[in-house]
Amino acid sequence: MNILAPVRRDRVIGELPQGFTKEAALHSRTSFHPKVVGMCQAQRTGTVGRFKISKIIVVGDLSVGKTCLINRFCKDTFDKNYKATIGVDFEMERFEILGVPFSLQLWDTAGQERFKCIASTYYRGAQAIIIVFDVNDVASLDHTRQWLADALKENDPSSVLLFLVGTKKDLSPAAQYILVEKDARKVAKEMQAEYWAVSSLTGENVREFFFRLAALTFEGSVLAELERSSARRIGDIVRIHGDERDLYLTEKRKRTKCCP
Amino acid sequence: MSLQKPADGGSGGLAGSPEAEEPEDGSPGRCLPPPVLPWDRFSAWLHCVCVVGFDLELGQAVEVIYPQHSKLTDKEKTNICYLSFPDSNSGCLGNTQFCFRFRQSSSRKLSWHCLLDQLDRDLPIYLKKDPAYFYGYVYFRQVQDKTLKRGYFQKSLVLISKLPYIHLFNTVLGQIAPEYFEKNEPFLEAACSDVDRWPLPVPGKTLYLPIMGIVMKVRIPTCHDKPGTTQVLQSMHQADSQISIALPTVYEVDLFRCFSPVFFHIQMLWELVLLGEPLVVMAPSPSESSETVLALVSCISPLKYYSDFRPYFTIHDSEFKDYTTRTQTPPSVILGVTNPFFAKTLQHWPHIIRIGDIKVSGEVPKQVKVKKLKNLKTLDSKPGVYTSYKPYLNKDEEIIKQLQKGVQQKRPAEAQSIILRRYFLELTQSFIIPLERYVASLMPLQKSISPWKSPPQLKPFSKEEFMKTLEKAGPQLTSRLKGDWIGLYRHFLKSYNFDGWFRTRRKEMTQKLEALHLEALCNEDLLFWSQKHTEVETVDLVLKLKAKLTNGEKLPVKPGTMEKLKKHIDSIILAQPEDLQGILTKTGSM
């Protein structure tokens, strides 16, 4: 029952999409983790085609362009007068990664102060957080730290993937943008996030960003599942795979440092 | 099949657009126009959300109605106020969830009711909307709060809807109410805006409903589903309840748990509900009364219970006087009550179900006899069924044994409920099949349909003739139960349930006849006919055809029939003199 329609052909991912910059990427491997590739192959030929789903939340200041970013990718539309989000918007985007169906739940939260108190409800259980700022608005970059801190209260900082995304790149003159990127990459490094700069107006890097997001979230959730199942196999002893835990990290994560 | 999503002109996006899935499941040729106005989608699910508080001076009061433009009459508000709070002494400390049903005080038109009617058409009969009633789904919180005068926080969050989807709305309330009580209005605003992003409640499709950070996956049944095959949605992804939950049902209650206090009498209760006998459920709290009433109403599914039923009924209800007056025989209704006062008010009622706290199964219910009505006391009467009713059918010991065994073996409650539901379904089907078969024989023969005469009439229903069919084709063919089936049918034929069932069947069959007639008409050479007849007759024909074109929308005609009809009309008009053409095009109900 309930056979899913095939995934759109332009939502199929076979290779690991690369980061925006090598330096500010979550990891620098050029292809999917071998274990993930192996597991997906086994799953494709195996009897259980487990369908996977991940929750992504999008946070950031009022009118930095969170909804526009999602609409550009999910509907390929752009309307800069899009109404302010009340509470939260929701989109579901389906992918096929390494032959396995994968869905992203995108929760687009409101930037307004009025809705801050309820946002935590939406934050729970996220696998990735997209923190959005406007590259033309320095204050919005400053505020990303606070947005992250709020979002992390509801999630496990050690397992959630972070993306710092600068929007409205088309409005930023090249010389000015270089300076902003320098600051932004510093912030990204502090929070151990992957940095991206996009334009929802022109579509620059939007698709690339979401593909990277989907691929890394997928990889993360497959690895987490592998770890869980191997822990179960061993029985009562839960072995901690130090190397896998730090898969994305070059140094030990100290989230507390950037989020007081 | 197009894999591209339709360009959705900034309408906010159909959340988890169901079109992406099960494309062959939809009904082709009946594309629903996407509702685009704000609150359209919300209204397809909910009428409004109310917050009912308790004011020390005023008593219950509706504090908030959201969206603000929703209309409720004063009478409706009063009903909602009283029905949203428990009215018994039991206390209900903590959180209590229950549901009620109340009469709408005036009929109002929804802005796009046609669209909702279309959705309604594909629903099983027992889930179809009743235009005269609303449901209220309540999450009531009563906790100690020293900062408040009298030391208690008492408030209800209430969803008002036309849809009888108790499990869905209870789940929604469980998601939003606890946090609403802490975060207040922005939370309510956001939750309502989530609902306004839901896809339409289309039967038969898998719907993804985002609410406050999680996605509920649901499927509303259709009238085409085979009865008894609950299409359970499988949770296809990792069981992460923080992200998504798949609801196994939108409307069903936990049948076994509800009936466990009166376990030995289920078959008698089935008869009482089937016959539309006046029934009252006296329970310690509204959550037990409402669940039990809904369980009773659903036990005759796929038959619809046509009389009024109130999962939770209070002395303040507008219908209180009508329903409890001693001067008339008790009405054919099922009431769920908690106020001990009712034990006195409804003393004269023929059948009373008294339940204590519904316990989680684990105990084996002991054999209990039906209790005599005179033993019913106002307070602390023992749980059980108080009646002098003698069932028509012999008791089925097997189902009792099967369920008892299940209790001993610690079979999960869901499995017990499925067994019980299947038992009721088979019983109801055994009962109704002979009626269905007889009613089908009332249909005139296909050959009696002539395009040039009005559609033939159904033969009238004759009780005696129907009774005669029972000898050879009675329920004994499908049920091993013995007893006075004839007596049961005789009683049933006098009930509201039969009346409602037969009216629905008759309407369907009449429409079928009209559809067949229309198809036959469209297969004729109408232009040729009109050329052989006078102008007056032709004009008359065109007007009649035009009337059929407007009424035909509701008929179950073969695809293409209406297009054919339109072509006939156009070609006849075109063959007329020019002045007449103009008049004919304009006249009629186009």
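Q: How many disulfides turn up over all chains?
A: Zero. This is a predicted model, and a pair of cysteine sulfurs has to sit within 2.5 Å to count.

Q: How do you know that Cys258(B) is in no disulfide?
A: Look at the nearest cysteine sulfur: it belongs to Cys99(B) and is 11 Å away. The cut-off is 2.5 Å, so that pair doesn't qualify.

Q: Why is Cys258(B) called buried?
A: Its relative accessible area is 0%. Buried means under 20%, so the label fits.

Q: And why does Cys223(B) count as partly exposed?
A: Cys223(B) has 37% relative accessibility. Partly exposed covers what lies between under 20% and over 50%, so that's where Cys223(B) lands.

Q: What makes the sheet in chain B an antiparallel one, and what is the strand order?
A: The pairing of its five strands is antiparallel, in the order β2-β1-β5-β4-β3, and the sheet is open.

Q: Why do β2 and β3 of chain B stand at the edges?
A: β2 (59-66) and β3 (94-103) each have a single partner strand, so each has one side with no neighbour in the sheet. As for twist, neighbouring strands are turned by 25° against each other on average, ignoring direction.

Q: How do you know that β1 and β2 of chain B pair?
A: Strand β1 (residues 48-55) and β2 share seven antiparallel bridges, and pairing takes at least two, so they qualify. One of the residues involved is Gly53(B), whose bridge partner in β2(B) is Ala61(B).

Q: What packs on the sheet, and which strands does it touch?
A: Helix α5 (residues 185-195) of chain B does, touching β1, β2 and β5 (152-161). The direction of α5 makes about 55° with that of β2(B).

Q: Which residues touch the most other members in the largest nonpolar core?
A: Leu164(A), Trp45(B), Leu168(B) and Phe259(B), out of 155 residues. Helix α12 (residues 413-440) of chain B gives the most to this core, with ten residues. Leaving out residues up to four places away in sequence, the contacts of Leu168(B) include Trp45(B), Leu209(B) and Met216(B). Another core, of 40 residues, lies apart, with Phe73(A) and Ile97(A) among them.

Q: Where in chain B is the pLDDT below 50?
A: Residues 1-31 are one such stretch, with 55 contacts in the model beyond near neighbours in sequence. Another is residues 235-239, with twelve. Low pLDDT means coordinates shouldn't be read in detail. Chain B averages 84, with 85% of residues at 70 at least.

Technical notes. Residues numbered from 1 in each chain as written. Chains lettered and ligands numbered in written order. Predicted model: local features only at pLDDT ≥ 70, side-chain atom pairs only at ≥ 80, totals over all residues. Heavy atoms only, no water. Core = buried A, V, L, I, M, F, W, Y, C linked by side-chain atoms within 4.5 Å. Buried < 20%, exposed > 50% of the residue type's maximum accessible area, 1.4 Å probe, protein only. Helix = DSSP H or I, 4+ residues; strand = E, 2+ residues; numbered from the N terminus. Contact = heavy atoms within 4.5 Å. Axes fitted to C-alpha atoms, helices over the stretch in contact; angles between N-to-C directions. pLDDT = per-residue confidence, 0-100.
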